[in-house]
2 protein chains.
Amino acid sequence: MAEDAELIRYADMLAAMGTEPRLRIVRLLLSAHPAGMVVGEIGEELGIPNSTLSHHLDKLKNENLVTVKREGVFLRYMANNEALQELLAFLYAECCTRNRVVEPKKVTCCGKERS
Amino acid sequence: MAEDAELIRYADMLAAMGTEPRLRIVRLLLSAHPAGMVVGEIGEELGIPNSTLSHHLDKLKNENLVTVKREGVFLRYMANNEALQELLAFLYAECCTRNRVVEPKKVTCCGKERS
DNA sequence: TCTGTATTTCTACATATATGGAAATATACG
DNA sequence: CGTATATTTCCATATATGTAGAAATACAGA
């Protein structure tokens, strides 16, 4: 069923972000949104070698978490807000709406808060 | 710094959920919250062999996404709302608060919605 | 203590992943 | 066309991961 495909897609997205360098990349692109960043800038900022970075960006692109556009010699990567929104909405729904496991306020308010 | 440790922890949590069987397990435990479920029930519901399931539960437990308590011969697993809250709050903050990449409403309202 | 049931650990293996140096490709520009 | 720069692809390799059958362990109850 389509349910399955959707769940697998979300699992793949989570896996794509489930690595230190890639979570760092996503976070960096979020902070640079909507301008995005060129591969070289990302690599320099995070200290990741060319080929390694290319692999990580490829994975993020495959899971649709980032988009690319060419600018002459450069490739500019941007966080894909649509995909991130879908993933967040899925998690929020599972945790806060469908099942009242996590209090909505604790997610949307203030970032960090106790108990 | 502590920042790093935190990011790595979130990456590990994402990785723990970044697999079809484990995302299914988490989702199942969320729907069974707060009662939780016994290992046998989970395995039967999802059709996962004993030893495989045990490894997956172990991983989720290591990342603190689930908690266990013994009930005689049975082990009862429960979704850990605190950890899930922290992860969701982190993602929400990154996407919606620190950077206005995803509109808050699109996450918290109605689950699925267009554009 | 013996027995039965639940769950884990042991063991094995195939596959996937992360990493990065070196070579190849793509684009711009003179 | 030749050169320079950005990025990818090729290649290799180490490590991690997912899977699961079979044996071991943990607990309860007779």
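**Two chains and two DNA strands**

Me: How many residue pairs are in polar contact between chain A and chain B?
Reply: The count is 0 residue pairs, taking pairs with both residues at pLDDT 80 or more. A polar contact is a pair of N or O atoms within 3.5 Å; within protein, one must be able to donate a hydrogen and the other to accept it, and residues adjacent in sequence count only if both atoms are side-chain atoms.

Me: Hang on, what sort of model is this?
Reply: This is a predicted model, in which local features need pLDDT of at least 70 and side-chain atom pairs count only at pLDDT 80 or more, while totals for chains, interfaces and linings use all residues. Side-chain values use heavy atoms, leaving out hydrogens and water; residues are numbered from 1 along each chain as its sequence is written, and chains are lettered from A and ligands numbered from 1 in the order in which they are written.

Me: OK, back to the two chains. How many salt bridges are there between chain A and chain B?
Reply: There are 6 salt bridges between chain A and chain B. The term means a side-chain nitrogen of Lys or Arg within 4 Å of a carboxyl oxygen of Asp or Glu. One of them joins the side chains of B:Arg27 and A:Glu94, at 3.9 Å from N to O.

Me: Which parts of chain A supply the side that touches chain B?
Reply: In chain A, α1 (2-17), α2 (20-31), α5 (81-98) and α6 (104-108) each supply at least two residues of that side. Helices (H or I, at least four residues) and strands (E, at least two) are DSSP runs, numbered from the N terminus. The biggest contribution to this side of chain A is from α5(A), with 11 residues.

Me: What kinds of residues are on that side of chain A?
Reply: They split into 20 nonpolar, 9 polar and 10 charged. Here Ala, Val, Leu, Ile, Met, Phe, Trp, Tyr, Cys and Pro count as nonpolar, Asp, Glu, Lys and Arg as charged, and the others, Gly among them, as polar.

Me: How many residues from each chain are in the contact, and how much area do chain A and chain B bury?
Reply: Chain A gives 39 residues and chain B gives 39 residues, where contact means heavy atoms within 4.5 Å. About 3,900 Å² is buried between the chains, 69% of it on carbon and sulfur atoms. Buried area is the accessible area (1.4 Å probe) that two parts lose on being put together, summed over both.

Me: New topic: DNA. Which residues come nearest to DNA strand D?
Reply: Of the 23 residues around DNA strand D, the nearest are A:Val38, A:Gly40, A:Val73, B:Arg22 and B:His56. Sugar and phosphate make up 62% of the atoms of strand D that come within 4 Å of the protein. A residue counts as near a molecule or strand if one of its heavy atoms lies within 4 Å of it.

Me: Which element gives the most to the surface near DNA strand D?
Reply: That is α4(B), with 5 residues. The residues of this surface divide into 9 nonpolar, 11 polar and 3 charged.

Me: Where do polar side-chain atoms meet DNA strand D?
Reply: A polar side-chain atom of A:Tyr77 lies 2.9 Å from a phosphate oxygen of DNA strand D. In the side chain of B:Arg22, an N or O atom is 2.8 Å from a phosphate oxygen of strand D. B:Ser51 has a polar side-chain atom 3.1 Å from a base oxygen of strand D.

Me: And which residues are closest to DNA strand C?
Reply: Among the 23 residues surrounding DNA strand C, the closest are A:Arg22, A:His56, B:Val38, B:Gly40 and B:Val73. A:His56 puts a polar side-chain atom 2.3 Å from a phosphate oxygen of strand C. An N or O atom in the side chain of A:His55 is 2.9 Å from a base oxygen of strand C. The element that gives the most to the surface near strand C is α4(A), with 5 residues.

Me: Last one, the sheet in chain B: what is the strand order?
Reply: In chain B, 3 strands form an open sheet in the order β1-β3-β2, with antiparallel pairing. β1 (37-38) and β2 (66-71) of chain B are at the edges with a single partner strand each, so one side of each has no neighbour in the sheet. Strands pair if DSSP finds at least two bridges between them, and β2(B) shares 6 bridges with β3 (residues 74-79) of chain B.

Me: Which residue stands opposite B:Arg70?
Reply: B:Arg70 stands opposite B:Leu75 in β3(B). The hairpin of β2(B) and β3(B) has 2 residues between the strands, and B:Gly72 takes a positive phi near 65 degrees there.
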